[in-house]
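Subject: Structure handover and findings

Dear colleague,

I am passing on the structure we spoke about, together with an account of what was found in it. Please have it open beside this message as you read.

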Amino acid sequence: MPDQERTREIAVDRELCMGSGMCIVYAPGTFAHDEATKAIVIDPMGDAIDAVRIAIEACPTGALSLTSEEERG
């Protein structure tokens, strides 16, 4: 498993999230909705990295982001 795979961090901007659920469609092992119908990360390693990237790209408001430990510095 590449280092980026082991150190992924997924952030949800709750101000931007409108609860469309696209992230859950593409990466159901990683994302879920909370009681306010906002996206939450339930398991950063819940889906393959490609599925997570597709889920992030599919978010209509750009509320999701993915960083690795290397990118965080």
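The notes below go from the overall fold to the core, then to a charged pair, the cysteines and a patch on the surface.

Please keep in mind throughout that this is a predicted model, and that the values below are computed from it.

Overall fold

The protein chain has four helices and four strands, and when it is read along the sequence these elements follow the pattern α-β-α-β-β-α-β-α. Of the 73 residues in the chain, 33% are buried. Among the contacts with a separation of 6 or more, 57% are made by residues 24 or more positions apart. The accessible surface of the chain comes to about 4400 Å², and carbon and sulfur atoms account for 51% of that area.

The nonpolar core

The largest nonpolar core holds 14 residues, and the members that touch the most others within it are Cys 23, Phe 31 and Leu 64. Helix H3, which spans 49-58, and strand E4, which spans 64-67, each contribute at least two residues to this core, and H3 provides the largest share of it, with four residues. If residues up to four places away in sequence are set aside, Cys 23 touches Pro 28, Phe 31, Ala 39, Ala 55 and Leu 64.

The charged pair

How many salt bridges does a search of the whole structure find? The search finds one, and it is formed by Asp 34 with Arg 14, whose closest N and O atoms are 2.7 Å apart. The pair links distant parts of the chain, since Asp 34 sits in the loop between E2 and E3, while Arg 14 sits 20 residues away in the loop between strand E1 (9-12) and helix H2 (22-26). As general background, side chains of opposite charge can pair when their charged atoms come close.

The two partners can also be described by their accessibility. Asp 34, with a relative accessible area of 16%, counts as buried because that value is under 20%, whereas Arg 14 is partly exposed at 38%. For orientation, the strands on either side of the Asp 34 loop are E2 (31-33) and E3 (39-41). Leaving aside neighbours within four places in sequence, Asp 34 is in contact with Ile 40 as well as with Arg 14.

The cysteines

Since you may wish to look at the thiols, which cysteine sulfur is closest to that of Cys 17? It is the sulfur of Cys 59, at 6.4 Å, and this is too far for a bond because a disulfide needs the two sulfur atoms within 2.5 Å. Seen from the other side, the closest cysteine sulfur to that of Cys 59 is the one in Cys 17. Both residues are buried, Cys 17 at 8% relative accessibility and Cys 59 at 15%. A search of the whole structure finds zero disulfides.

The surface patch

Finally, Val 25, Tyr 26 and Ile 54 form a nonpolar patch on the surface, and together they have about 280 Å² of accessible area. Val 25, which belongs to helix H2, is exposed, with a relative accessible area of 57%.

With best regards

Technical notes. Residues are numbered from 1 along each chain as its sequence is written. This is a predicted model: local features need pLDDT of at least 70, side-chain atom pairs count only at pLDDT 80 or more; totals for chains, interfaces and linings use all residues. Side-chain values use heavy atoms; hydrogens and water are left out. A nonpolar core is a set of buried Ala, Val, Leu, Ile, Met, Phe, Trp, Tyr and Cys residues joined through side-chain atoms within 4.5 Å. Buried means under 20% relative accessible area, exposed over 50%, partly exposed in between (1.4 Å probe, protein chains only). Contact means heavy atoms within 4.5 Å. A salt bridge is a side-chain nitrogen of Lys or Arg within 4 Å of a carboxyl oxygen of Asp or Glu. Accessible areas come from the Shrake-Rupley method with a 1.4 Å probe; for residues, only the protein chains shown count as cover. Patches are made of residues with over 30% relative accessible area and no salt bridge: like charges are joined within 9 Å, nonpolar side chains (Val, Leu, Ile, Met, Phe, Trp, Tyr) within 5 Å.
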